[in-house]
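Thanks for making the time this morning. I would like to walk through one model with you, going from the sheet outwards to the helices and then to the core.

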Amino acid sequence: MTKKCAVITGITGQDGAYLAELLLNEGYRVVGVVRRSSHYGVATHRLDWLGITDRVEMIDGDLLDVSGMCRIMREAKPDEVYNLAAQSFVKTSWDQPLLTSQSTGLGVVNMLEAVRLEAPQARFYQASSSEMYGLIQEPMQTEKTPFYPRSPYAVAKLMGHWMTVNYRESFGMHASSGILFNHESPLRGLEFVTRKITDGAARIALGKATELRMGNTDAQRDWGHAKDYVRAMWLMLQQDNPDDYVVATGQTTSVRRFIEVAFARVGLDPDKYIKTDPAFLRPAEVDVLLGDPSKAKTALGWQPQISLDEMIAEMVDADMARLKRQG
Ligand code: NDP
Ligand code: GDR
């Protein structure tokens with residue numbers, strides 16, 4: 001029997017790597033879309049960490065280039081397309097609102113067009129975000145909670161989300177949108193708050209740093225593990241009908257508590273090392289996010305398996321090991 005083929009945009013990112021691992025384990029042929037850069041080769045450190053680089057087929061492509069995306073669809077003939085690529089760092093979106101609108105917003109339309117025109121057989125997944133809720137009015141966010149985006153990133157994601165819904169309704173495409181709340185791992189980018197904290201705690205513990213400068217530590221997020229969340233993406237595309245799903249743990253935690261747990265892992269008192277730095281504050285903040293994953297639990301049979309404390313321990317330990325290796 002021929003293998004199912006999945007195309008993943010954003011394969012070099014955190015979720016792309018974990019999703020590729022899951023799909024390879026499910027017996028898929030995995031084609032990863034990568035951007036050309038002047039550096040030698042592709043930034044495969046996340047795929048390397050998982051030991052799967054050699055099993056992924058890399059293909060050059062950029063979300064902004066619709067003709068290239070059409071070519072990829074024609075050549076790969078995918079059964080499933082996961083659109084994970086984006087300018088994904090919220091804070092940068094105020095500095096680069098146009099680029100963010102193009103890749104995180106219009107890029108989704110490019111992908112939907114490429115699939116509609118060249119791979120109509122394929123099922124499509126869009127990486128939507130809890131940031132779309134922004135200035136929310138409801139204590140727990142569901143698929144029915146109204147959106148109020150608070151950053152250029154969130155506005156662009158909202159466009160991608162509604163375009164996905166619209167292509168589903170207009171063209172009958174099997175297009176699903178996962179409204180994923182924050183999810184982290186040792187493969188998280190160092191600029192995101194969780195990894196900044198676990199890397200910072202490890203650096204201080206090893207005598208490589210003396211302080212950690214933070215923004216708004218009152219912010220609260222519903223944090224899960226990326227490995228759990230990519231399983232929800234895959235499950236969405238295994239359903240007979242496409243739909244939108246909130247993926248979250250149902251628990252929210254402050255940045256401050258995250259810091260306490262991470263520093264405790266290396267036996268440090270955070271009060272001695274954390275400094276507030278206005279450079280890390282945002283022009284507009286999303287204070288609290290808390291997702292209700294009931295629909296994903298019922299319809300997909302999805303459950304998160306890794307607790308927040310387990311994840312923090314894994315991340316701190318991985319950063320300690322990496323920094324020790326670096327000497
Ligand atoms: P990362 O920032 O780790 O990865 C982003 C990926 O997108 C990278 O592979 C990057 O490639 C690629 N990319 C960016 N711009 C382009 C472009 N123009 N053309 C092609 N590739 C591009 O993000 P995550 O893995 O954390 O997130 C995956 C997706 O899920 C993103 O869309 C994000 O916005 C969304 N999301 C993430 C959540 C989270 O908590 N992680 C929660 C909700 C949504 P390169 O390596 O070349 O930079
Ligand atoms: P977020 O993630 O903006 O929620 O977007 P991030 O980890 O950057 O921020 C989370 C919260 O922590 C506060 N914070 C800080 N953040 C950073 N990066 N650095 C700091 O020093 C700092 N201090 C406090 C932030 O203000 C914020 O409230 C992530 C991304 O993965 C998006 O792509 C995704 O869509 C959403 O999660 C869901």
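**Strand S4 and its surroundings**

Let me begin with a single pair of residues: tyrosine 82 has tyrosine 125, in strand S5, as its bridge partner. Please keep in mind throughout that this is a predicted model. The pair belongs to the contact between strand S4, residues 80-83, and strand S5, residues 123-129, which run parallel and are joined over 4 bridges. Valine 81 is likewise matched in S5, where its bridge partner is phenylalanine 124.

On the other pairing, S4 and S1 are also parallel, again over 4 bridges, and here valine 7 stands opposite valine 81 of S4. What, then, is the state of the two faces of S4, buried or exposed? Both faces are covered, with Glu80 and Tyr82 buried on one side and Val81 and Asn83 buried on the other. As a general remark, side chains in a regular strand alternate between the two faces of the sheet.

Stepping back, these strands sit in an open sheet of 7 strands, paired in parallel, whose order is S3-S2-S1-S4-S5-S6-S11. Strand S3, at 57-60, and strand S11, at 244-247, have a single partner strand each, so they form the edges and one side of each is left without a neighbour in the sheet. On average, and ignoring direction, neighbouring strands of this sheet are turned by 20° against each other.

Now to the helices. Helix H1, residues 14-25, packs on the sheet and touches S1 (5-9), S2 (29-34) and S4, and its direction makes about 160° with that of S2. Helix H3, residues 66-76, lies across S1, S2 and S3, and runs at about 160° to S1.

Which residues of the largest nonpolar core touch the most other members? That core has 68 residues, and the ones in question are Ile8, Ala20, Val81, Val115 and Val247. Taking isoleucine 8 as an example, and leaving out residues up to four places away in sequence, its contacts are Gly16, Leu19, Ala20, Val30, Gly32, Val33, Tyr82 and Leu84. Apart from this core lies another, of 18 residues, which includes Ala202, Ile204, Met214 and Met311.

Finally, a word on annotation: an unreviewed UniProt entry places the feature "domain: NAD(P)-binding" at residues 8-315. In the model, that span is 41% helix and 15% strand, and its end C-alpha atoms lie 25 Å apart.

Definitions and conventions. Residues are numbered from 1 along each chain as its sequence is written. Chains are lettered from A and ligands numbered from 1 in the order in which they are written. This is a predicted model: local features need pLDDT of at least 70, side-chain atom pairs count only at pLDDT 80 or more; totals for chains, interfaces and linings use all residues. Two strands pair if DSSP finds at least two bridges between them. Axes are lines fitted to C-alpha atoms, for helices over the stretch in contact, and angles run from 0 to 180 degrees between N-to-C directions. Two residues are in contact if their C-beta atoms, placed from the backbone, lie within 7 Å. UniProt positions are given in the numbering used here, feature names are shortened, and annotations may be inferred rather than shown by experiment. A nonpolar core is a set of buried Ala, Val, Leu, Ile, Met, Phe, Trp, Tyr and Cys residues joined through C-beta atoms within 7 Å. A residue is buried if 20 or more other C-beta atoms lie within 10 Å of its own, exposed if 12 or fewer, and partly exposed in between; C-beta atoms are placed from the backbone.
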